[in-house]
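The following exercises concern a single protein chain. Please examine the sequence and the structure before reading the solutions.

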Amino acid sequence: MYEKEISTNFNLLVTGTLLFVIFVFEFFTIDVSGPYEDNSLVGLMFTQAEYKIIFLLFLLVGLAITASFIFKEIWNRLICDLFEIREINLNEAYSICFLMVLLLST
């Protein structure tokens, strides 16, 4: 029987798929016609593209885990008490945050 549990493996697969789709979209839509000058803070900190990508990937992962933890705590401390529903774990909070970002960013 199919198990409906949201696991870490599921979250990793979905996150990897999203990052791949973003990479492909950016790869095919980038403007290479003129000179490019990166004046962002990350651009000033790192001159090589590989270091920028690694830094931004770690920043994204850290932000996602922090946002999921905060959402889980708000859900478990406030929403559960107000509406008498079950508590969620970090994997479920991550999936809900991921879904909210997808829905609100379109």
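**Exercise 1: A salt-bridge network**

Arginine 77 is exposed, with a relative accessible area of 64%; buried means under 20%, exposed over 50% and partly exposed in between (1.4 Å probe, protein chains only). The model is predicted: local features need pLDDT of at least 70, side-chain atom pairs count only at pLDDT 80 or more, and totals for chains, interfaces and linings use all residues. Residues are numbered from 1 along each chain as its sequence is written, and side-chain values use heavy atoms, with hydrogens and water left out.

Task: determine which residue forms a salt bridge with arginine 77, a salt bridge being a side-chain nitrogen of Lys or Arg within 4 Å of a carboxyl oxygen of Asp or Glu.

Solution.
1. The partner of arginine 77 is glutamate 73, with the closest N and O atoms 2.9 Å apart.
2. Both residues lie in helix α3 (residues 49-83), 4 residues apart, and are therefore separated by about one helical turn; helices are DSSP runs of H or I with at least four residues, numbered from the N terminus.
3. Glutamate 73 also pairs with lysine 72, at 3.2 Å between the closest N and O atoms.
4. Lysine 72 is buried at 16% relative accessibility.
5. Lys72, Glu73 and Arg77 thus form a network of salt bridges.

**Exercise 2: A further pair**

Task: state whether arginine 86 and glutamate 92 are buried or exposed.

Solution.
1. The two side chains meet in a salt bridge of 2.9 Å, N to O.
2. Arginine 86 is exposed at 55% relative accessibility.
3. Glutamate 92 is buried at 15%.

Methods: Helices (H or I, at least four residues) and strands (E, at least two) are DSSP runs, numbered from the N terminus.
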